[in-house]
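Subject: Structure handover, with notes on cavities

Hello,

Here is the structure I promised to pass on. Please look it over, then read my notes below.

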Amino acid sequence: MKLTKSLLVGAGLTALPTLALAQDAAPGFDEIGPYIMTTLLFCMAGFLVFFMAAGFAMLEGGLVRSKNVTMQMTKNIALFSIAAIMYWLVGFNTMYPGDFNGYFAIGGRTVLDAAGVSAADAALDYASVGSDFFFQLVFVAATASIVSGAVAERIKLWPFLIFVIVLTGFMYPISGSWQWGGGWLSEAGFSDFAGSTVVHSVGGWAALAGVIVLGPRLGKYKDGKVNPMPGSNLALATLGTFILWLGWFGFNGGSQLAMGTVGDVSDVSRIFANTNMAAAAGAVTALILTQVLYKKPDLTMVLNGALAGLVSITAEPLAPTLFGSLWIGAVGGIIVVLSIPMLDKFKLDDVVGAIPVHLFAGIWGTIAVVFYNSDASLFTQIKGILAYGVFTFVASLIVWFILKAAMGIRVSEEDEINGLDMAELGMEAYPEFSKG
């Protein structure tokens, strides 16, 4: 509050010193300020990350064919809503059980602070429960969105949503507790500032398992050739990418987890600048590389290059210089351009490029931490990558195979040809175009 008093005097408002001094003398005021500011950070950053749900929906809607757009919109709004309920029901208190009580402890429902809680009754050592819960919730929803795009255009709606229940309620919170819940990886020194591995590679591993169990879309690989299946709306996909880019400032900036000091606020701004630089470098690298390789730039690669740059910097967006962020993001762009054709060689049909962006770039970003964080070791980083990979991939395979055996996860050939919009939902995103 001394800052407030100084500002008042500096502005010539000397008629108000009594109020400032009274607040300055209030018991515990040094704790109230950081509590309020950190709560505000979680709310603002959470809003931005929530908006990423729209980015994922627009990106996926633009990159699938028009006959499947309504399905992607339905999946995205449903998965976020399911994630919100499951994270309240068990996820948050599984991932953050307070005094850590076991690697596989399943928590109960989240309980918010009392309405109108007083400073005397609030836990002023951190932030409000509601803000913390909401900020962490939007991360788990992003993980589920990664899976949605990879398995698009051939998966049934309800098996996918059941997988989302398991992923957001149990798989993500359990593995997340290993690092962010004070678990064994955190104690071992594993470092993942905002989730290149905890969030993005988890989504990528789950998506890879789904793609393997589902198989490729009809006609994607035929007679030894890869048949392109262009998306319905590249303008929409570009809008989605910009929305994700915007949301990433909350994703990484909010992961500072504090805004109560000058150092914290300065660090948040540093994270913003580094995050932006990595995205820009990933996009430009993909732009140049596709020109060199294919003689023409590929917009979809450029969009994914920007996203790969963002994923790459997410594990350590604070420590690098702007140049460091540039080259880390640029490597992410290279990874995307080279790995998307590689997946096609193995007949792994990832509709939107989610696996290269979130899994491969996520692995790279987690390794890149060692270049700027002196406390991180390459061995520990690789150990964390392997732990998340084995757990998530194996658990996802098991869930996908159970769903396949119990109810089937793939639509019929006829339904896939006609499009999931009509087959699964009975409505189309662009009905005027299909009616001729």
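How much space lies in the largest cavity? About 80 Å³. A cavity here is a set of points, on a 1 Å grid over the protein atoms alone, where a 1.4 Å probe fits but cannot get out; lining residues have an atom within 4 Å of a point. Grid points are joined across faces, edges and corners, and a volume is the space filled by probe spheres set on the points.

Some ground rules. This is a predicted model, where local features need pLDDT of at least 70 and side-chain atom pairs count only at pLDDT 80 or more, while totals for chains, interfaces and linings use all residues. Residues are numbered from 1 along each chain as its sequence is written, and side-chain values use heavy atoms, with hydrogens and water left out.

The cavities

The search covered the whole structure and found two cavities of 30 Å³ or more.

The largest has 14 lining residues, and F56, L59, V352, A354 and H358 are the closest to its centre. Helices α3 (29–63), α5 (129–150), α11 (299–314) and α13 (354–368) each supply at least two lining residues. Helices are DSSP runs of H or I with at least four residues, strands are runs of E with at least two, and both are numbered from the N terminus. By class, this lining has eight nonpolar, five polar and one charged residues. Nonpolar covers Ala, Val, Leu, Ile, Met, Phe, Trp, Tyr, Cys and Pro; charged covers Asp, Glu, Lys and Arg; the others, Gly among them, are polar.

The second largest cavity has a volume of about 40 Å³. Its lining is V49, F50, M52, A53, F56, F80, V138, A141, A142 and S145. α3 gives the most, with five residues. This lining has nine nonpolar residues, one polar and no charged.

The chain

There are 17 helices and two strands. Of the 436 residues, 53% count as buried (under 20% relative accessible area, 1.4 Å probe, protein chains only). The C-alpha atoms fill a box of roughly 80 × 50 × 45 Å along the principal axes.

Confidence

Mean pLDDT (the predictor's confidence in each residue, from 0 to 100) is 91, and 91% of residues reach 70 or more. Over residues 1–27 the pLDDT is below 50; this stretch has 13 contacts (heavy atoms within 4.5 Å) beyond near neighbours in sequence. Residues 98–103 are also below 50, with nine such contacts. Where pLDDT is low, the predicted coordinates should not be read in detail.

Best wishes

Key: 1 Å grid on protein atoms, 1.4 Å probe; cavity = no way out; pocket = protein on both sides within 12 Å on 5 of 7 lines; lining within 4 Å. Buried < 20%, exposed > 50% of the residue type's maximum accessible area, 1.4 Å probe, protein only.
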